[in-house]
Amino acid sequence: MPDSPTKPPLISPDVIRISALVLATALITLIFFGMIRGFLISLLMAAIVAEMSRPLYRRIQRMVGGRRNPAAAITLTLIIVLGIVPIFFIATVAAEQALGLPRTVVRVLDGLAERSATWEWPDWLPYEEDMDQIGPEVIAKIGDLVSATARYMVGTMSAVTRGTALLFLDTFIFLYALFFFLKMETPVMKQILRFTGLAPETQHKLADRAVSVSRATIKGVLVIGVVQGLLGGLGFWAAGIEGATFWGVVMAIVSIIPGVGPSLVLAVGVLFLFAAGDTTAAIGLALWAGLVVTTIDNILRPILVGRDTQMHDILILVSTFGGLGMFGAVGLILGPVVAGVFVTIWATLAEAVMEQSEHPEEAPSDGSAAQSG
């Protein structure tokens, strides 16, 4: 009796092996990310700062004869001295000023409320008879807003000023990773993209554009915001307004709002000085705000951003506030970076689809056509 033909297996061994490999990879990846999830923010920040500092690292590397370890050590030292230490100092001072700010605001606004009862409103002002009641209510609401802002800033900056063991551990991970990321010839993002299976040219295009968008956004948002906050805080200090460091931090944050920026906070400071009767300081602060603080953006942005790809103002705004809500203070940097990568991925996908539609797969060659005939 002849042997009956064996039936092929329902699932081939190759499919089983590939499925097992994919399952094991996914499982190990989940376990790994679950293990290091507490340090992901520090690693991401280290990768971003390393890419931003790479031109400085290259310049120092040439100065030290091409040696990577001394160049990375010098670059790291400069980042600590010029970046991390001032941030900790400013955050500490701003948090201390924010703690006492509500009491100061309440005291000043109570004095303004008492003076508002004797103010003579112009005849052309509508509802003149109601302003005696509306004025103190508006002043009280302003006080509530300022107090709420101060409490929020205290809560946001307290993580920087508490000095907990977790903070020091995160800082150590950040600096340790930054040292090695600086020495990498191939940036971290390009190394990660190697595992995506994308074409090499797509990987390079995606990585380069993501870095360009992120660099432009960080320079346009963070650096210019810091400069405007510093200049605005200096103006408040010179005008004698209490909590100048705190208000400088607030101006640096609100500078991300297109068309508004620090102008709103500066305008409130000018009105406060006028209401307090300090006309000379109010005029000086108004001139400083109009001629220096609000115009520095137009001078610095072309220099810092240059030819880098910029995101739309709306994306910058929502990604920065969204990053603050999701990541805390570091969201000022991570939020725009994530948005930049998001824009880059979709732009790359759109270009790939466009190229595919313009250059569809070619018909079979003449040789294959002749064989089929």
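Among contacts in the protein chain between residues at least 6 apart in sequence, what percentage join residues at least 24 apart? It's 70% of them. Keep in mind that this is a predicted model. The protein chain has 14 helices and 0 strands, and helix α8 makes a good place to start looking.

**The chain overall**
- Reading along the sequence, you just get α after α: α-α-α-α-α-α-α-α-α-α-α-α-α-α.
- Of the 373 residues in the protein chain, 32% are buried.
- About 23,300 Å² of the protein chain is exposed, and carbon and sulfur atoms supply 69% of that area.

**Helix α8**
- Helix α8 covers residues 244-254, and 9 of its 11 residues are buried, so the rest of the structure largely encloses it.
- The buried residues of α8 are Ala244, Phe246, Trp247, Gly248, Val249, Val250, Met251, Ile253 and Val254.

**Where α7 meets α8**
- Helix α7 spans residues 200-239, and its axis comes within 7 Å of the α8 axis, with the two crossing at roughly 150°.
- On the α7 side, the contact is made by Gly225, Val226, Gly229, Gly232, Gly233, Phe236 and Trp237.
- On the α8 side, Ala244, Trp247, Gly248, Met251 and Ala252 take part.
- Sort the residues of this contact by type and you get 7 nonpolar, 5 polar and no charged.
- As for handedness, the crossing of α7 and α8 is right-handed.
- Some α8 residues turn up in both lists: Trp247, for one, is buried and also belongs to the contact with α7.

Definitions and conventions:
Residues are numbered from 1 along each chain as its sequence is written. This is a predicted model: local features need pLDDT of at least 70, side-chain atom pairs count only at pLDDT 80 or more; totals for chains, interfaces and linings use all residues. Side-chain values use heavy atoms; hydrogens and water are left out. Buried means under 20% relative accessible area, exposed over 50%, partly exposed in between (1.4 Å probe, protein chains only). Helices (H or I, at least four residues) and strands (E, at least two) are DSSP runs, numbered from the N terminus. Axes are lines fitted to C-alpha atoms, for helices over the stretch in contact, and angles run from 0 to 180 degrees between N-to-C directions. A crossing is left-handed if the near helix is turned anticlockwise from the far one by less than a right angle, and right-handed if clockwise. Contact means heavy atoms within 4.5 Å. Ala, Val, Leu, Ile, Met, Phe, Trp, Tyr, Cys and Pro count as nonpolar, Asp, Glu, Lys and Arg as charged, and the others, Gly among them, as polar. Accessible areas come from the Shrake-Rupley method with a 1.4 Å probe; for residues, only the protein chains shown count as cover.
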